Amino acid sequence: MKPDLIIARYGEVGLKSNRVRRRFENRLINNIKASIDAEVKVYQARIFIFPKDFDDAIEKLERIFGIVSYSPAVSTKSTFEDVERDLATYAEKLHDEGLLDENTRFAISCRRVGTHEFSSQEMAAFAGAVIVKKYSSPVDLTNPELTIYLEVRDNDAYIFHEKIEGPGGLPLGTQGNVISLVSSGIDSPVATYLMMKRGCQVIALYCDNQPYTTPDALKNYEDLIDQLNLYASGAPIKKRVVKYGDYLSTCKSEAPDKMTCVLCKSGMYKIAGMLAKKLHAEAVIDGSSLGQVASQTLPNILATREDLDVPVLSPLIGLDKVEITRIAEKIGTFEISKRDDGGCKAVPKYPETKADLELVKEIKEAINQEEQLKKAFETIEH
């Protein structure tokens, strides 16, 4: 007996008010349909998906934010006769797959919604007796090797044995637009992913530092966004590239060398802020991890963000490199980020790690940062 639907579950969406929950549910349904050819409906805090291609649906659901878990299921009716018939057939399938035999310790987990002449415990006991009768398998409610789930909802019932973990989070697109500063490195793609998981729709901004970087870095950025777009069902990431090399050259030639990274990061934030205003985005995202590199010490974070008028969100701020790398490996960006693209040749030998805020303000004025960034902003490409 093959599954005829997939039951998906959401988590914190169910904690919202009725009005907000309906909006989030509708967005989640739209995101699912954008990725999977299926009929989708929500009923009593469950999402029922009837896909045309089950294998394709199973693969894609693990990348749709808002889904906590999902289960390929067989539908039947909630009468004892229907449950007995279809559960016995389902058990045969499990037996053929090597998941159930006379030695398999099993349990039945029954959840019931609606009004019935039986309790959840009574239906679970009945279903357990069906398995015992067929295979003499031992019941073990404490430490089962196999759990068969039975969900009874009004006149319908659903049988399944798998709960596949989804990415969780909030449906993509429910929390507004953000500008994400994405480089070719490990951190910023992970930061972008985490904010997508919180429901943010992303516009990715890449600062092209050529001639201080190579075209390979831009290619890696493009590939990273393509990988992240696998998780962007219903709200694809928009790409933007700004030519940043001329501004960086000004920093190198007209400011103290050790201040290059501080001025570079400051300019990136300001351009991202300008783009946020133009595109009506509500925040800027970056991949800062406290103390990881020179521009990410507390004094330098203050110095690079002090005059911004949009919030900067840094979801990696308390994570170390091992934790960040683990997420990058999981979402498929690590192999792309670790490609050798030559790095940035504008980085000074001894970068400033404790920038003096007043001095930074003086230098920015001296190099006419605002005018330089306006020129750079005009080069932004889609």
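How far is the sulfur of C251 from the closest cysteine sulfur? In this predicted model, the closest one sits in C264, at 7.0 Å, which is too far for a bond. A disulfide would need the two sulfur atoms within 2.5 Å. C207 tells a similar story: its nearest cysteine sulfur is again that of C264, 7.1 Å away, and C207 is in no disulfide. By this rule the count comes to 0 disulfides. As for where these cysteines sit, C251 is buried, with a relative accessible area of 0%, and C207 is buried too, at 8%.

Now for the empty space. Rolling a water-sized probe over the atoms shows where such space is left. The largest pocket here has a volume of about 1000 Å³. It is lined by 35 residues, and S183, G185, N209, M268 and C344 are the closest to its centre. Three elements give two or more residues to that lining: α5 (187-197), β10 (201-208) and α8 (260-279). Of these, α8 supplies the largest share, with 5 residues. Sort the lining by class and you get 16 nonpolar, 14 polar and 5 charged residues.

Next comes the second largest pocket, with a volume of about 290 Å³. Its lining has 13 residues, and the closest to the centre are E62, P167, Y193, Y231 and K330. Here α5 turns up again, alongside α10 (321-331), as the elements that give two or more residues to the lining. By class, this lining splits into 6 nonpolar, 2 polar and 5 charged residues.

Conventions: Residues are numbered from 1 along each chain as its sequence is written. This is a predicted model: local features need pLDDT of at least 70, side-chain atom pairs count only at pLDDT 80 or more; totals for chains, interfaces and linings use all residues. Side-chain values use heavy atoms; hydrogens and water are left out. On a 1 Å grid over the protein atoms alone, a cavity is a set of points where a 1.4 Å probe fits but cannot get out, and a pocket is an open set with protein on both sides within 12 Å along at least five of seven lines; lining residues have an atom within 4 Å of a point. Grid points are joined across faces, edges and corners, and a volume is the space filled by probe spheres set on the points. Helices (H or I, at least four residues) and strands (E, at least two) are DSSP runs, numbered from the N terminus. Ala, Val, Leu, Ile, Met, Phe, Trp, Tyr, Cys and Pro count as nonpolar, Asp, Glu, Lys and Arg as charged, and the others, Gly among them, as polar. Buried means under 20% relative accessible area, exposed over 50%, partly exposed in between (1.4 Å probe, protein chains only).
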